[in-house]
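Reader: I would like to go through this structure by asking, for each label attached to it, what value stands behind the label and which criterion that value meets. Could we begin with the terms themselves?

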Amino acid sequence: MQYKICDNNCFVIFVLSTVVTWASSEENELIFANLIWRHGARSPVRSYPTNPYNNKPVWPQGFGQLTQVGMRQEYALGRYFRERYKHLLSSQYNRSEIYIRSTDYDRTLMSAQSNMAGLFPPEGRQQWNGSSTNWQPIPIHTVP
């Protein structure tokens with residue numbers, strides 16, 4: 001399955017590193033995965049001193065914030081993780097199977113939330129708002 005992580009005129013700025021542990025069996029079964037990734041596309045963190053548009057609302061959420069492109073990137077990455085690790089995770093969110101940790105910045109928290117929306121879309125009894133909301137809250141643990 002292919003998932004589009006980036007629109008036509010952008011570049012992907014997240015880095016994905018996978019560390020895996022293999023069971024010592026004849027099948028070499030994957031029993032653990034530790035994924036590390038960077039936030040999605042963001043607005044610039046600051047402007048340059050001679051920018052004539054410095055006071056214009058070019059970035060609706062301000063400097064250093066996750067953009068809608070970044071949200072789509074992270075959602076697609078979550079969908080990719082769902083396909084890649086479907087044999088390791090339950091089909092529905094189970095808090096004992098996954099732990100999400102993020103730095104305490106808006107862009108990283110929003111990236112983690114967008115990623116989890118792609119990884120664990122609610123199904124069956126996990127749909128808490130009928131079928132109108134295809135998202136479920138998943139805890140994101142933070143550090144300063």
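Author: Helices and strands here are DSSP runs, a helix having at least four residues and a strand at least two, and they are numbered from the N terminus. In this model, which is predicted, the elements run β-β-α-β-α-β from the N terminus on, and they come to 2 helices and 4 strands.

Reader: What makes residues 106-119 count as a helix, and how does the span of H2 compare with the one expected?

Author: A helix needs a run of at least four residues, and H2 has 14 residues. From its first C-alpha to its last, H2 reaches 20 Å, which is close to the 20 Å expected at 1.5 Å a residue.

Reader: Why is H2 described as largely enclosed by the rest of the structure?

Author: The description rests on a count: 11 of the 14 residues of H2 are buried, so the helix is largely enclosed. Among the buried residues are Arg-107, Thr-108, Ser-111, Asn-115 and Gly-118. The cover over the buried residues of H2 includes strand S2 (30-37), helix H1 (68-84), strand S3 (101-103) and strand S4 (141-143).

Reader: Why is Asn-115 called buried?

Author: Buried means under 20% relative accessible area, and Asn-115 has a value of 0%, so the label applies to it. Asn-115 has its place in helix H2, and, leaving aside its neighbours within four places in sequence, its contacts are Trp-37, Glu-74, Tyr-75, Leu-77, Gly-78 and Phe-81.

Reader: Why, then, is Val-143 not called buried but partly exposed?

Author: Partly exposed is the range between under 20% and over 50%, and Val-143, with a relative accessible area of 22%, therefore belongs in that range. This residue of strand S4 is in contact with Arg-101, Ser-102, Thr-103 and Asp-104, once neighbours within four places in sequence are left aside. The C-alpha atoms of Val-143 and Arg-101 are separated by 7.7 Å, although the two residues are 42 apart along the chain.

Reader: How many of the contacts in the protein join residues at least 24 apart, and what share of its residues is buried?

Author: Among contacts between residues at least 6 apart in sequence, 63% join residues at least 24 apart. Of the 144 residues, 31% count as buried.

Reader: Which residues of the largest nonpolar core touch the most other members, and which helix gives the most to this core?

Author: The core has 15 residues, of which Ile-98, Ile-100, Met-116, Leu-119, Phe-120 and Ile-140 touch the most other members. H1 and H2 each supply at least two residues of this core, and H2 gives the most, with 4 residues. Phe-120 also touches Arg-82, Leu-89, Ser-90, Gln-92, Tyr-93, Ile-98, Gln-136 and Ile-138, not counting residues up to four places away in sequence.

Reader: How do you know where empty space is left, and what lines the largest pocket?

Author: Rolling a probe the size of a water molecule over the atoms shows where empty space is left. The largest pocket holds about 820 Å³ of space. Its lining has 26 residues, and Asn-34, Leu-35, Trp-37, Tyr-99 and Ile-100 lie nearest its centre. S2, S3 and H2 are the elements that give two or more residues to this lining, the largest share, 7 residues, coming from S2. By class, the lining of the largest pocket has 17 nonpolar, 6 polar and 3 charged residues.

How values were computed: Residues are numbered from 1 along each chain as its sequence is written. This is a predicted model: local features need pLDDT of at least 70, side-chain atom pairs count only at pLDDT 80 or more; totals for chains, interfaces and linings use all residues. Side-chain values use heavy atoms; hydrogens and water are left out. The expected span of a helix is 1.5 Å times one less than its number of residues. Buried means under 20% relative accessible area, exposed over 50%, partly exposed in between (1.4 Å probe, protein chains only). Contact means heavy atoms within 4.5 Å. A nonpolar core is a set of buried Ala, Val, Leu, Ile, Met, Phe, Trp, Tyr and Cys residues joined through side-chain atoms within 4.5 Å. On a 1 Å grid over the protein atoms alone, a cavity is a set of points where a 1.4 Å probe fits but cannot get out, and a pocket is an open set with protein on both sides within 12 Å along at least five of seven lines; lining residues have an atom within 4 Å of a point. Grid points are joined across faces, edges and corners, and a volume is the space filled by probe spheres set on the points. Ala, Val, Leu, Ile, Met, Phe, Trp, Tyr, Cys and Pro count as nonpolar, Asp, Glu, Lys and Arg as charged, and the others, Gly among them, as polar.
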